[in-house]
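Good morning, colleagues. Please take a moment to look at the sequence and the structure on the screen before I begin.

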Amino acid sequence: MAEVTTRSRGELAPEEERVLIRDIAISSEASSKEGDTFFLINQRWWQHWIDYVNQDQPNNTGDGSSLLEHFNSAGSSASKRPSGIDNSDLVNDATAEDPGAGPEIVDTLLEGRDYILLPQEVWNQLHSWYGGGPTLARKVISSGLSQTELAVEVYPLRLQLLVMPRGECSTIRISKKETIGELHRRACSIFYLNLEQICIWDYYGHRKHALMNDMDRTLDDANIQMDQDILVEVLDNVNGGWSASKGTSRNHSSEISTSPNLASARDSDNTLGSSGVTTRGASVGLTGLLNLGNTCFMNSAIQCLVHTPEFARYFREDYRREINWQNPLGMVGELAVAFGELLRKLWAPGRTPVAPRPFKTKLARFAPQFSGYNQHDSQELLAFLLDGLHEDLNRVKHKPYIKSKDADGRPDEEVADEYWANHIARNDSIIVDVCQGQYKSTLVCPVCNKVSVTFDPFMYLSLPLQATTTRTMTVTVFTSDGSALPSSYTVTVPKHGRCRDLIQVLGNICSLKQSEELKVAEIQNHSIQRFLDDPLISLSTIKDDDHLAAYRVPKLVKKAVFLQLIHRLQEQEPGAAQTTSQWKAYGTPLVSSISRDDVISSCKIQSTVQRMLSPFLKKESLMHADSFDPSSMVTTVDPSGEAHSNSSSNIAKEDASSSKAVALPNLPLQLVDESNVCFDLSVEGDKTIRIPSSSTSIVVYVDWSQKLLEKYNTHFLENLPEVFKNGPVTKKARTEPLSLYTCLEAFLREEPLVPEDMWYCPQCKERRQASKKLDLWRLPEVLVIHLKRFSYSSSRRQLYELYALTNHYGGMGSGHYTAHIKLLDENRWYNFDDSHISPINEDDVKSAAAYVLFYRRVKSDVSNSNGVRSGGGQEDVSTWR
């Protein structure tokens, strides 16, 4: 192989380069061990080389080599030989502060997207052929809880060395597998000190956490974090004006008050405040997270959790002693460690954004659905993270099997406490302490009235979106007796109301008589699609772009039949001869009723139709009505019940009364029976129409010829308005503000189970569509609420206080996430937009983009941790701020 590497570039064909590198890579990866060196190479250059050496290759199957999976894919047919290796995109332009560490690479690089890792032998071979650089070497280290996994340390620790009392500082790169002794030697070399002169402290958060005097211990074992401060304390400095004995300085843990620099640093440290985190002015807790590529969904959720006071306090202390390493439902502690390390970085002094790369790597390992760089749902991530942290930190090492007992008439308090105790016996963690509450779930069998009560835990509330409690609907009302022109009314009804609610408000607005009723119909393609006869039909089944008509008809008497009048126009068929045409449905159908007690004849139908059409008959005194559009004749009804109309009832009455006095010829009517047989009702003579007793309606078509159209103003039958049309309106109905209680009320509302989720009744021994009612029984310290869109408002009582929320802008499959977070020590709100953080006013927090909300219990004399019941969920949860 040594002979091959000395050949000139021109001696090897692309295929020869490919085979040689593949063989070297397979050999190198098979013998990888801790301490080996790997090299970063620009992904774009690497892909160019892959295309070059594979340009003549068919699409073969891979050989299993993780590095050379690309080698066996078909390449470009005319790829040119790459020029020198160019890694300039991977390094920062600024000169590294630590010359011995080599070029400083960009913080946000990702393997596979920006760079590829090559074994040393592969790099050496490629570099001998192509040259270039810069050379970016990284060591293989052991990782994982068992320290048996091998990983390339692409980003060694970056530490800030602070020398006291000199006030000097320097940034270095050092492997987390290096020893504390090596850190001592590096510090002495940089600051020209002797090992006997210094002691080094873990200065995380600008507090002396631990004296680093175990020279054989690794920085990883000492829990040293990326971008952490390290205090280099000079013990014998005559020029500094003070001295201390070496023996005492190596073992003491007290502050050296004679140093003005250290004294000022000590005075600036604050003890744990109400939020449980150390603060230094306004800089602590305001560290952003770099967006690694569509990771705003993750960043916003992490910031909300990190700024939860209970979690900030817990993960900055010794949380590792609670990690459940053997829990098969957990992530062997790795998720908790990754989150804890990230939290400590975000609460460290300074505002340099942190790249959450190690955390995302762990996340993708245990939750592959969050791997890659696609946008995801922050609530789904939050749910996984809370559950994963709970399992990693579950204090219960061996979960007992506990069988739940039936309530058997016992008091709810007793049963609820029993269920909660059973839950805690299997699930006991900081997540349960802070975030978990308890539902009361009541099921009632609709047949035997069997009642089943259970109490179940919850981690967060996923409330139904109640964008508004009402909706506006536009319906056109027609008369059946020819007494008035049609009028369109815009009314306000409950959004989740029933058809009876719509009929009631329409009846009030149009002054429906005691002897009349409204028949509401859905109109499609100029015909009646369906009558909304069932008063319990949900209004949610009616879409905004549907068209509704309501017909005023006499209250149903026995043996009545409805006459549906469908209008038709003669239309020329496209591309057909002049003599070829067809009748097509047109306008809005009309409805009237005919008693079966009367003889139903062709003359009876003719007179009924003429009476229905009489308001549309043109008269010399009403020629101005030709330009009148019924869709503009809208009556708007606001929530107070007042109606506002543009239509003229006087014109309608005058039109109807004058038209009745006119003798009209027979209309061109066609009756179609249930067998689809057509009867011409326009011929002379009075024929009796036989209607089957099972029929409730008959369909009659009126064919509007051009001559007939000249006698009637059919504009009133055209342009039936949609139920709701976006855009400017004459008078916009008042919209009520959304409250959290409204959404919660809808969530707790009793409703029947869906057919796919029916309940097995133990008394009936069958599956029943039972009614289900939820109540909030036990409330947590931190209540997480998931909404798709929500704006909150203030309340006089303050059981829970909003302190953080995630915002989502754009579509659910894309868009952008941010977080609004209140630093409780400062009592001030900030906007966390990935790496950018800025203060905001409290009014700015109220946004239609709010998605997941974090509430903390307001401390009071009567509340206690995770044991406060809400009185069945009806009173205490009704107020928020």
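I shall go through a few strands, one helix and one arginine in turn.

First, the conventions. This is a predicted model, in which local features need pLDDT of at least 70 and side-chain atom pairs count only at pLDDT 80 or more, whereas totals for chains, interfaces and linings use all residues. Residues are numbered from 1 along each chain as its sequence is written, and side-chain values use heavy atoms, with hydrogens and water left out.

Let me start with strand S7, residues 157–164. Helices (H or I, at least four residues) and strands (E, at least two) are DSSP runs, numbered from the N terminus. Seven of the eight residues of S7 are buried, so this strand is largely enclosed by the rest of the structure. Buried means under 20% relative accessible area, with exposed over 50% and partly exposed in between, for a 1.4 Å probe and protein chains only.

What are the partners of S7? Strand S8, residues 168–174, runs antiparallel to S7 and is joined to it by seven bridges; two strands pair if DSSP finds at least two bridges between them. Within this pair, Leu161 stands opposite Ser170. S7 and S8 form a hairpin with three residues between them, and Gly167 in the turn has a positive phi of about 80°. Strand S11, residues 229–234, pairs with S7 in the parallel sense over five bridges, and here Gln160 stands opposite Asp229.

I turn now to an open sheet of five strands, in the order S23-S22-S28-S26-S27, with mixed pairing. S23 (581–595) and S27 (678–680) stand at the edges with a single partner strand each, so one side of each is left without a neighbour in the sheet. The partnership of S22 (residues 560–572) with S23 is antiparallel and has twelve bridges; Gln564 stands opposite Val591 there.

Helix H19, residues 740–748, is mostly covered, with seven of its nine residues buried. Among them are Cys743 and Phe747.

Finally, is Arg471, in strand S17 (residues 470–479), buried or exposed? At 12% relative accessibility, Arg471 counts as buried. Its side chain makes a polar contact with the side chain of Asp544 at 2.9 Å, and reaches the backbone oxygen of Leu539 at 2.8 Å. A polar contact is a pair of N or O atoms within 3.5 Å; within protein, one must be able to donate a hydrogen and the other to accept it, and residues adjacent in sequence count only if both atoms are side-chain atoms.
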